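Me: Could you take a close look at one part of this model and talk me through how it's put together? I'd like the details as well as the surroundings.

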Amino acid sequence: MVEINAGKYYLRALRADDRIDDRQAIIEGFTDPESKRWMSHIDISDLDRAEAYIVRRAQGWAEETRFSWAVAEPTTGDLLGEVLLKKVDWDNHTAEAGCWAHPSARGRGMTTEALGAVLRFGFGALGLREVFYKHHPENEASRRVAEKLGFTVLTEDAENSVLVLRNA
């Protein structure tokens, strides 16, 4: 796991231990009505499911298929959201970016700043050439994040917008 200082935020592993326990914040993040609207396929409604989610994120790092970071407030360690690179294709040097924000952290530019740091890591340290970003066309917040980071539309229909960012 690589930790990243992302300006106002600290990117670290998701945790559930005696010092930091992200499980309740993960539950709050995924059971919030706005999150459920866009991520209805993810059901994390109790501590056991939140713990399993954290374990899967650690497995992704170990398998080098998914690189996920908790976006944390640097002085308290409180979880504000998550940013990630998933579906890493080492042969084609591509990945898909993803993110979510805790309800209390939305609207502050946190996701854009944190995901920007992860994209720089992906293009630099991982050698990625292209990163894709998918969202529902009506998800304005997700669209704004992608636009601010320089993604351009690759395809769009009523259900999905697929954007791409290429390493210059």
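Reply: Two strands count as paired when DSSP finds at least two bridges between them. The strands themselves (E, at least two residues) and the helices (H or I, at least four) are DSSP runs, numbered from the N terminus. Keep in mind that this is a predicted model: local features need pLDDT of at least 70, side-chain atom pairs count only at pLDDT 80 or more, and totals for chains, interfaces and linings use all residues. Residues are numbered from 1 along each chain as its sequence is written, and side-chain values use heavy atoms, with hydrogens and water left out.

Let's go for the sheet, then, and for what sits around its E6-E8-E7 end. Eight strands make up an open sheet with mixed pairing, in the order E1-E2-E3-E4-E5-E6-E8-E7. Strand E1 (4-6) and E7 are the edges, each pairing on one side only. On average, neighbouring strands are turned by 25° against each other, direction ignored; the axes behind such angles are lines fitted to C-alpha atoms (for helices, over the stretch in contact), and angles run from 0 to 180 degrees between N-to-C directions. At the E7 edge, E7 and E8 pair in the antiparallel sense over four bridges. Val 153, for instance, has Leu 163 in E8 as its bridge partner.

Now for the helices on the sheet. H4 packs on it, touching E1, strand E2 (9-12), E3, E4, E5, E6 and E8, where contact means heavy atoms within 4.5 Å. The direction of H4 makes about 30° with that of E4. H3 lies across E3, E4 and strand E5 (94-101), and runs at about 130° to E3.

Back to the E8 end, where H5 comes in. The buried residues of helix H5 (residues 140-148) are Ser 142, Val 145 and Ala 146; buried is under 20% relative accessible area, exposed over 50%, and partly exposed in between (1.4 Å probe, protein chains only). Looking down the H5 axis, these buried residues fall within an arc of 95°, so they line one face of the helix; that arc is taken from the directions from the helix axis to the C-beta atoms. Among the things covering them are helix H4 (110-124), strand E6 (130-135) and strand E8 (161-166). Just past H5, Gly 150 takes a positive phi of about 95°.

Rings tie things together too. The whole structure has seven aromatic pairs, meaning Phe, Tyr or Trp rings (six-membered ring for Trp) with centres within 6.5 Å; planes under 30 degrees apart are stacked, over 60 edge-to-face, and the rest tilted. Phe 30 and Tyr 53 are edge-to-face, 5.4 Å centre to centre with 65° between the planes. Phe 30 is in helix H1 (residues 23-31) and Tyr 53 in helix H3, so their pair ties together parts 23 residues apart in sequence. Both Phe 30 and Tyr 53 are buried. Closer to our corner of the sheet, the ring centres of Tyr 133 and Phe 151 are 5.4 Å apart and the planes are at 45°, so this pair is tilted. Tyr 133 is in strand E6, and Phe 151 is in the loop between H5 and strand E7 (152-156), 18 residues apart. Tyr 133 and Phe 151 are buried as well.
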